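This report describes a protein structure for a reader who has not seen it before. Please look over the sequence and the model before reading on.

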Amino acid sequence: MFLKIAYKSLVDRKVSVFMTLMALIVSISVLLSVEHIRVQTKESFASTVSGTDLIIGARTGSLNLLLYSVFRVGAPTNNISWSTYKNISGSDEVKWAIPLSLGDSHRGYRVLGTNQDYFRYFSYGAKHPLVFAQGREFSDAFEVVLGSAVARSLGYSQGAEILLSHGISSADFNLHKGSPFTVVGILEPTGTPVDQTVHVSLQGLKAIHNSAQYGGDPESITAFMVALKSRIGVFSLQRAVNNYKAEPVMAILPGVALSELWQMMGILEQTLRFIGVLVLMSALLGLSAMLLSSVRERRHEIQLLRMAGASPLYLFLLSELEVLLITLVGLGASLVIVWLAFAAGQGYLAGAFGINISADIFTLNTLTLSAIVTGSALLTGALPAIAMYLRARRP
């Protein structure tokens, strides 16, 4: 009977309740979306590369080295010589090393020069290896492997021929004309920058930049990833690289550099959360104002309930129950809307931004946030409930 009275009372004020419910759904959806994107973006960045103990490149800032070598953001300050790569990667402590050469592009997508070890050892997430959706890895200088987003966006399939551009411009005067690459493989989506990368061999890059020196090893590369046989030796190798005498190079730990990145992004992260909280509070205050303004309109309802034996405490709890019902309906609708939105946009986010945002929003973090929203709503709704209580006590 208690629940039925609350339901009938809300239906009797359906127009104002509906408008308040819509505002609540929008605010909760914004809050849930911001928080889910924040958490998932962190996890996506952290899972971009796994199994790599050190990233080694020309001496620069650790964040700059991480961003251009892993996330294809920014530009390297300098290259390192091939001899340095061979010397360090040939250390007894090194299990494998993957050379990386950047600087070219194809229609806005970054080109990565590497070797077959990239497909053999590179992993992401929980050490997931790269998997081919079509074809195979390159074996010739003028063969290319595309990330899933590149192939999907540009409509490429196996056998297509493409031209690379110097730098990130796709202007005709920057094209390496006369040296087309044939697509021999397309990778499965990973939700990482791999999806937006064009992969070619180091020999292929050398050939288009200096046809007179076709074949053989490149003179220099941008950076390389290293995994050690035992992680115990990570810091000793890092120290040895940072003190390398032949040329100025540095080694960074990907996890440590990511921590620095999130520290820098902390202000933006907290700002987004603050905006979400403000949007929610405005909707909750609107809910409270709607219920408070309806107290005077419900004086006859209050009198009837009092005549039926309802105590002031009963009316207080009735008002709080109405708040709870509105909040739970709004929360449930918001969860469904956010889930559908991420399920529909998951592929687009992965392809356009290289961020793997899971559609699974029913996590412990979401449940905790939902409990906080419900508690905040009951706390905000206490004011109209007190007003109901005081009106019920009047003779």
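The sections below go from the whole chain to one helix, one strand and two loop residues.

## Overall form

The model is predicted. The protein contains 14 helices and 16 strands. Along the principal axes, its C-alpha trace spans about 100 × 45 × 30 Å. The radius of gyration is 30 Å, while a compact globule of 395 residues would have a value near 21 Å.

Of the 395 residues in the protein, 49% are buried. Among contacts between residues at least 6 apart in sequence, 76% join residues that are at least 24 apart.

## Surface and charge

The accessible surface of the protein is about 19,000 Å². Carbon and sulfur atoms account for 62% of that surface. The side chains include 30 positive and 25 negative ones. The centres of these two sets are 13 Å apart.

## Helix H3

Helix H3 covers residues 62-70. Because 7 of its 9 residues are buried, H3 is largely enclosed by the rest of the structure. The buried residues are Ser 62, Leu 63, Leu 65, Leu 66, Tyr 68, Ser 69 and Val 70.

Which elements cover the buried residues of H3? They include strand E1 (54-58), E3, E15, strand E16 (249-252) and helix H9 (254-264).

## Ser 62

Ser 62 belongs to helix H3. Is Ser 62 buried or exposed? Its relative accessible area is 19%, and the limit for a buried residue is under 20%, so Ser 62 counts as buried.

Leaving aside residues up to four places away in sequence, Ser 62 touches Met 250, Ile 252, Ala 257 and Glu 260. Met 250 and Ile 252 fall within the range of strand E16 (249-252), and Ala 257 and Glu 260 within that of helix H9 (254-264). Both of these elements are among those that cover the buried residues of H3. Ser 29 is 33 residues from Ser 62 along the chain, and the C-alpha atoms of the two are separated by 37 Å.

## Strand E3 and its partner

Strand E3, residues 94-100, is mostly covered, with 6 of its 7 residues buried. E3 runs antiparallel to strand E15 (residues 223-228), and 6 bridges join the two. In this pairing, Ala 97 of E3 stands opposite Val 226 in E15. Both E3 and E15 also help to cover the buried residues of H3.

In a regular strand the side chains alternate between the two faces of the sheet.

## Two residues with positive phi

Most residues other than glycine have a negative phi. Two arginines in loops have positive values, Arg 72 and Arg 107.

Arg 72 comes after H3, and its phi is near 60°. The loop that holds Arg 72 lies between helix H3 and strand E2 (80-81). With a relative accessible area of 12%, Arg 72 is buried.

Arg 107 has a phi near 50°. Where is Arg 107 found? It is in the loop between strand E4 (104-106) and strand E5 (109-114). Arg 107 has a relative accessibility of 49%, and exposed means over 50%, so Arg 107 counts as partly exposed.

Methods: Residues numbered from 1 in each chain as written. Predicted model: local features only at pLDDT ≥ 70, side-chain atom pairs only at ≥ 80, totals over all residues. Heavy atoms only, no water. Helix = DSSP H or I, 4+ residues; strand = E, 2+ residues; numbered from the N terminus. Buried < 20%, exposed > 50% of the residue type's maximum accessible area, 1.4 Å probe, protein only. Rg over C-alpha atoms; globule rule 2.2 N^0.38 Å. Contact = heavy atoms within 4.5 Å. Areas by Shrake-Rupley, 256 points an atom, 1.4 Å probe, with all protein chains shown as cover. Lys, Arg positive; Asp, Glu negative; His and termini not counted. Charge placed at Lys NZ, Arg CZ, Asp CG, Glu CD. Pairing = 2+ DSSP bridges.
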